[in-house]
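Work through the exercises below with the sequence and the structure side by side. Try each task yourself before you read its solution.

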Amino acid sequence: MIALRTVVCPVDFSPATPRQVDLAADLCQAFGGKLVVHHNRHSLGTGASVGWMWKADHVGESRSALEAKLSDCMARVPDGIRTEGLITEGPVSRAVLAVLEAVDADLVVLTSHGTLSDTHASITEQLLERSQRAVLVLHEPVVETRTPHFASPSAGRQVVVAPTDLTPESRGAIDLGVDLARALPIDLHLLHLLPNGRGGRSVDPAVEEAARRQLRALLPEDFADRATLHVEHGEPADGITRAADQLSAACIVMGEHARTGLRRWFSRDTSRAVLHQARCPVWYVPGARAVSAARRPARA
């Protein structure tokens, strides 16, 4: 069963911050976790900034002013959720990674503000590459018109799409989707993409049925009839985001295979493309270590 004991929410006090804090708090409420709201005060000038979690009007702001803003963020968190605020200084990516390690985070919830220049990787991509932690990425409110509310009974049932390339590396995302569906009012949809036939020819129905059987085999026996299976055709990133749109998905849950070095359809390029094309949050499960961390017994 999924365990979210500590959720870290790095904030930049942009207009996207309230929505990000609300979702992180919602997950903490659903799973009894502690919320750590973190802001990094970058010690370098704007010309050397990595461009995320940094705004020009932060220049010259005192620590007390930033503490006040952090307190305002924490005031949004419902009563009963254990909450801690942290302010750090220095290079942003190092600060976020250090906080994740220091609090032994099970999940980091952040907002992607788009791509940056070629000289700097985005914080989201750095976390996927280096943190070995589960990462839930939101987009700007203009991109995502709805926010998932996992702990609110009034939100009704929500759809979670879990794409898989049928390899062991994607099993963690399927397990997470099943755990979410067991614990919350969620309808889980498993998705596999087959390549289009050469010259526009139709794919053999037997191939589709074989893929459907493989999808079903990924599910626990007692859950096999509770998930909806989809076998579609086309490029992976396009197919994933198209299915999420058609199903009005609250979230996409997917494995992050960047560290394997293999050119599968869940390659780093696919992960990046889904992140940039999706119009709902994307919950990445980046490798076996992150999966085991999210499912290990409660700390003493």
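**Exercise 1. The overall make-up**

How many helices and how many strands are there in the chain?

*Solution.* Keep in mind from the start that this is a predicted model. Counting along the chain gives nine helices and 10 strands. Next consider burial, for which a residue must have under 20% relative accessible area: buried residues make up 52% of the 300 residues in the chain. Finally, look at the contacts with a separation of 6 or more, of which 81% are accounted for by residues 24 or more positions apart.

**Exercise 2. The order of the strands**

In what order do the strands form the sheet, and which strands stand at the edges?

*Solution.* Begin with the order, which is S3-S2-S1-S4-S5-S10-S9-S6-S7-S8 in an open sheet of 10 strands with mixed pairing. Now turn to the edges, where S3 and strand S8 (228–233) each have a single partner strand, so one side of each is left without a neighbour in the sheet. From one strand to the next, the twist averages 25°.

Two helices can then be placed against this sheet. Helix H2 (residues 63–75) lies across S2 and S3, and its direction makes an angle of about 150° with S3. Helix H6 (residues 205–217) lies across strand S7 (186–194) and S8, running at about 140° to S8.

**Exercise 3. Strand S5 and its partners**

Describe how S5 pairs with S4 and with S10, and decide whether the residues of S5 are buried or exposed.

*Solution.* First take S4, which pairs with S5 in the parallel sense over five bridges; one of the pairs joins Val109 to Leu136 in S5. Then take strand S10 (residues 282–285), which runs antiparallel to strand S5 (residues 134–138) and is joined to it by three bridges. Among these partners in S10, Tyr284 belongs to Val135, and Val282 belongs to Val137.

For the second part, five of the five residues of S5 are buried, so S5 is largely enclosed by the rest of the structure. The two faces can be checked separately: Ala134, Leu136 and Leu138 are buried on one side, while Val135 and Val137 are buried on the other, and both faces are therefore covered.

**Exercise 4. Helices H3 and H4**

Which residues of helix H3 are buried, and what covers them?

*Solution.* In helix H3 (residues 92–102), the buried residues are Val92, Ser93, Ala95, Val96, Leu97, Val99 and Leu100. To read such a list, it helps to know that an α-helix has 3.6 residues a turn, so residues three or four places apart point the same way. The cover over the buried residues of H3 includes strands S1 (6–10), S2 (34–41), S3 (83–89) and S4 (107–111), together with helix H4 (123–130).

Helix H4 can be examined in turn, and six of its eight residues are buried, so H4 is largely enclosed by the rest of the structure. Those residues are Ile123, Thr124, Glu125, Gln126, Leu127 and Leu128.

**Exercise 5. Positive phi values**

Where do Phe13 and Leu166 lie, and how accessible is each of them?

*Solution.* Most residues other than glycine have a negative phi, and most peptide bonds are trans. Phe13, with a positive phi near 65°, lies in the loop between S1 and helix H1 (17–31) and is buried, with a relative accessible area of 13%. Leu166 has a positive phi of about 70° and is placed in the loop between strand S6 (158–163) and helix H5 (171–183); at 22% relative accessibility, Leu166 counts as partly exposed.

Two further cases follow helices: Asp104, after H3, has a positive phi near 55°, and Gln132, after H4, has a positive phi near 60°.

**Exercise 6. An exposed loop residue**

Which residues does Asn196 touch, not counting residues up to four places away in sequence?

*Solution.* Locate Asn196 in the loop between S7 and H6, where Asn196 is exposed, with a relative accessible area of 56%. The residues that Asn196 touches under this condition are His233 and Gly234. Although Asn196 and His233 are 37 residues apart along the chain, their C-alpha atoms are separated by 5.6 Å.

Note on methods
Residues are numbered from 1 along each chain as its sequence is written. This is a predicted model: local features need pLDDT of at least 70, side-chain atom pairs count only at pLDDT 80 or more; totals for chains, interfaces and linings use all residues. Side-chain values use heavy atoms; hydrogens and water are left out. Buried means under 20% relative accessible area, exposed over 50%, partly exposed in between (1.4 Å probe, protein chains only). Helices (H or I, at least four residues) and strands (E, at least two) are DSSP runs, numbered from the N terminus. Contact means heavy atoms within 4.5 Å. Two strands pair if DSSP finds at least two bridges between them. Axes are lines fitted to C-alpha atoms, for helices over the stretch in contact, and angles run from 0 to 180 degrees between N-to-C directions.
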